[in-house]
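Grab a coffee and work through these short exercises. Each task comes with a solution in steps.

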There are 2 protein chains.
Amino acid sequence: MTQPTDKPADSSALGPIPKAVINRLSLYLRELQRLVRDGSETTSSTQLGKLLEFTDAQVRKDLAYFGQFGYPGIGYRCSELITRIKEILGTNQRWPIAMVGLGNLGRALLGYRGFTHQGFEVACVFDVDDAKVNRQFEDIPVYHLDRIVEIVPKLGIRLAIIAVPAPAAQKVADALVAAGIQGILNFAPVTITVPRHVNLEGVDLAIELEQLSFAIVNIQWRQS
Amino acid sequence: MTQPTDKPADSSALGPIPKAVINRLSLYLRELQRLVRDGSETTSSTQLGKLLEFTDAQVRKDLAYFGQFGYPGIGYRCSELITRIKEILGTNQRWPIAMVGLGNLGRALLGYRGFTHQGFEVACVFDVDDAKVNRQFEDIPVYHLDRIVEIVPKLGIRLAIIAVPAPAAQKVADALVAAGIQGILNFAPVTITVPRHVNLEGVDLAIELEQLSFAIVNIQWRQS
């Protein structure tokens, strides 16, 4: 639910970049990183496509939004393409993150750290529980929610994760916006609204599950 | 990353239903449920659109894939539209879920329960840790991973959540497929592959964050 990007990110003549393309860039990046770990120096749109079950034309079209990355007779140089995709995604820099909510979900996200290897790192946590604030949790400082507007700019934080119960989510989002946050990943199972200049991604686990239940109950049409 | 639905779910002449439409159905359902909680009996495409920052034409077009739901001079009857959307999404029935992995993430998902009110309920958990298996966790039975193929069909489970570390995810997915699972929500930060008849949704938190970092670093183009 990121605000739509109305303009392309470069001078490509292909027009605005669909959100799904940015999503696939992340997938290409994962596969390229895996290829490098496995010792590959080069790859091709065919190989990348096969790894992700996309056509090679899809891979080439997606990358063409951002420039020409292939070499005749070689294909893509993995490490070069990784560098370029990271530049495009902005993850060639570190992104300190403010996490709001240190309940089960917040603690799981901190323990999970499935995103730290991509440059995202929780720099501080906010909560309202006096038993949790003004101490460290796994080496990360925990502050009272009241201090968002003070702490967030001081640490140069632009991204936040909301991991609070649904009824508190909008109030937390408002506080984050007031603190100058530019992007919010919302885990609370509720729709929140933010000003247009703030980017919002929602993670509603029920929505993912509903995609699956829809696909299962409608399988007779898919296969007919 | 659900397998694409090649055919529409009903005899609508509008063609195949894009995944994004199913996604928005979930959002409409959330807002309708909220409207009913707030005492509203009817709504309109304009109101639904405004709540979600979509145009009213978008709302009408999305719903038109599935039939005619509005009444002239009234709009939509909330509870009737809720019933119909639940039928379409398949959530007019209960969906018992098998969760694999009872680490931080698995425990958080069990504690979170942001999806139980939509009909999804974790019916059993699988893990490989002898200290965890053959007991209950929050009233949910925990079995050894080796017993997936025995337990899953016995409980009539068609949906599973993978919440194990990345290196174990593919092996777990293979076991779930062997057990007859039809839909998998994968939280492990790795690409897994499943046969075409199995539906797969991946939740990679870094991908969501990369959408945000992309939007932030490219804001100059968006606003130009």
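**Exercise 1.** By what turn and what shift along the axis can chain A be laid on chain B, and with what RMSD?

Before solving, some ground rules: this is a predicted model, where local features need pLDDT of at least 70, side-chain atom pairs count only at pLDDT 80 or more, and totals for chains, interfaces and linings use all residues. Residues are numbered from 1 along each chain as written, chains are lettered from A in the order written, and side-chain values use heavy atoms, without hydrogens and water.

*Solution.*
- Superpose by least squares on the C-alpha atoms of residues with pLDDT of at least 70 in both copies.
- A turn of 180 degrees and a shift of 0.0 Å along the axis do the job, with an RMSD of 0.0 Å.
- The copies are therefore related as by a two-fold rotation axis.
- In chain A, Ala108(A) has the C-alpha nearest that axis, 2.9 Å away.
- Both copies use the same surface: 96% of chain A's contact residues (heavy atoms within 4.5 Å) recur in chain B.

**Exercise 2.** Find the order of the three strands in the open sheet of chain B.

*Solution.*
- Take strands as DSSP runs (E, at least two residues), numbered from the N terminus, and call two paired if DSSP finds at least two bridges between them.
- The order is S1-S3-S2, with antiparallel pairing.
- S1 (42-43) and S2 (70-71) of chain B are the edges; each has a single partner strand, so one side of each lacks a neighbour in the sheet.
- S2(B) pairs with S3 (residues 75-77) of chain B over two bridges, in the antiparallel sense.
- Across from Tyr71(B) sits Gly75(B) in S3(B).

Conventions: Helix = DSSP H or I, 4+ residues; strand = E, 2+ residues; numbered from the N terminus.
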